[in-house]
Amino acid sequence: MTSEQTPATEENAGPRPRRLTYAAGLAALEGLALAVGGVWMLVEGVTGAPDDRRSAVTGGITLVVLALLPLLAARGLLKQKSWSRGPAVITQIMALPVAYNLLQADSVAIPAGIALAVVAVVALVLLVNPATTQALGIKGPGRAQDGKQ
């Protein structure tokens, strides 16, 4: 824990802002989508006839493991844990290039790219909102020493 963060405890945590709840919901949605995609790839790799079975299984396992990051971040956001904002922001930043690549495709992936881009940008806005930052007990730059003077 850095000196710029104070853990949100029952004494200093007020009611959870709706923005924080919405951000947690979007992170959970992304995590669930990754998990479902990973399980689908895994099942297709094991039961179907992919070009490369090993790659399909490895890709499926990778997606399922990657789903843990936004799911854990969503749980932390709902519990107002200050550590949870970092993984949630990282998830959104990682989603933007994926959305861009989906938008470059000439297929049904374009609507998925639009949806992913919208979710990532909205989640980022919610995560950097001052109400969210305050609810998580995160102090801004230059304010780490406030109260110690």
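**Figure 1. Helix 4 passes helix 5 in a left-handed crossing.** This is a predicted model. The axes of helix 4 and helix 5 lie 8 Å apart, and the two helices pack at an angle of about 155°. Because of that angle, helix 4 is roughly antiparallel to helix 5; the cut-off for this description is an angle over 145 degrees.

**Figure 2. Gln92 in helix 4.** Gln92 has a relative accessible area of 1% and is therefore counted as buried. With neighbours within four places in sequence left aside, the residues in contact with Gln92 are Glu30, Val119, Ala120, Ala123, Leu124 and Leu127. Of these partners, Glu30 is itself one of the buried residues of helix 1, and Leu127 is listed with the residues that have the most contacts inside the largest nonpolar core.

**Figure 3. The largest nonpolar core, made up of 17 residues.** Leu20, Ala23, Leu26, Leu77, Ala88, Leu127 and Leu136 have the most contacts inside this core. Two or more residues each come from helix 1 (18–47), helix 3 (68–78), helix 4 (85–103) and helix 5 (109–128). Helix 1 gives the most, with five residues. Ala88 is in contact with Ala73, Leu77 and Leu127, again leaving aside its neighbours within four places in sequence.

**Figure 4. Helix 1 and what covers its buried residues.** Helix 1 has 30 residues. From its first C-alpha to its last it reaches 43 Å, close to the 44 Å expected at 1.5 Å a residue. Its buried residues are Leu20, Ala23, Ala24, Leu26, Ala27, Glu30, Gly31, Gly38 and Gly45. The cover over these residues includes helix 2 (53–66), helix 3, helix 4, helix 5 and helix 6 (130–135). In an α-helix, residues three or four places apart point the same way, because there are 3.6 residues a turn.

**Figure 5. The left-handed crossing of helix 1 and helix 2.** The axes of these two helices come within 7 Å and cross at roughly 160°. Helix 1 and helix 2 are therefore roughly antiparallel to each other. On the helix 1 side, the contact is made by Leu34, Ala35, Gly37, Gly38, Val39, Met41, Leu42, Gly45, Val46 and Thr47. On the helix 2 side, it is made by Arg53, Ala56, Val57, Gly59, Gly60, Ile61, Leu63, Val64 and Leu66. Gly38 and Gly45 are also among the buried residues of helix 1.

**Figure 6. Pro17, in the segment before helix 1.** Pro17 has a relative accessible area of 18% and is buried, since the cut-off for buried is under 20%. Not counting residues up to four places away in sequence, Pro17 touches Gln80, Ala131 and Ala135. Pro17 and Ala131 are 114 residues apart in sequence, yet their C-alpha atoms are 6.8 Å apart in space.

**Figure 7. The whole chain, with six helices and zero strands.** Along the sequence the pattern is α-α-α-α-α-α. The chain has 149 residues, of which 31% are buried. Of the contacts between residues at least 6 apart in sequence, 67% join residues at least 24 apart.

Methods:
Residues are numbered from 1 along each chain as its sequence is written. This is a predicted model: local features need pLDDT of at least 70, side-chain atom pairs count only at pLDDT 80 or more; totals for chains, interfaces and linings use all residues. Side-chain values use heavy atoms; hydrogens and water are left out. A nonpolar core is a set of buried Ala, Val, Leu, Ile, Met, Phe, Trp, Tyr and Cys residues joined through side-chain atoms within 4.5 Å. Buried means under 20% relative accessible area, exposed over 50%, partly exposed in between (1.4 Å probe, protein chains only). Helices (H or I, at least four residues) and strands (E, at least two) are DSSP runs, numbered from the N terminus. Contact means heavy atoms within 4.5 Å. The expected span of a helix is 1.5 Å times one less than its number of residues. Axes are lines fitted to C-alpha atoms, for helices over the stretch in contact, and angles run from 0 to 180 degrees between N-to-C directions. Angles under 35 degrees count as roughly parallel, over 145 as roughly antiparallel, 65 to 115 as roughly perpendicular and the rest as oblique. A crossing is left-handed if the near helix is turned anticlockwise from the far one by less than a right angle, and right-handed if clockwise.
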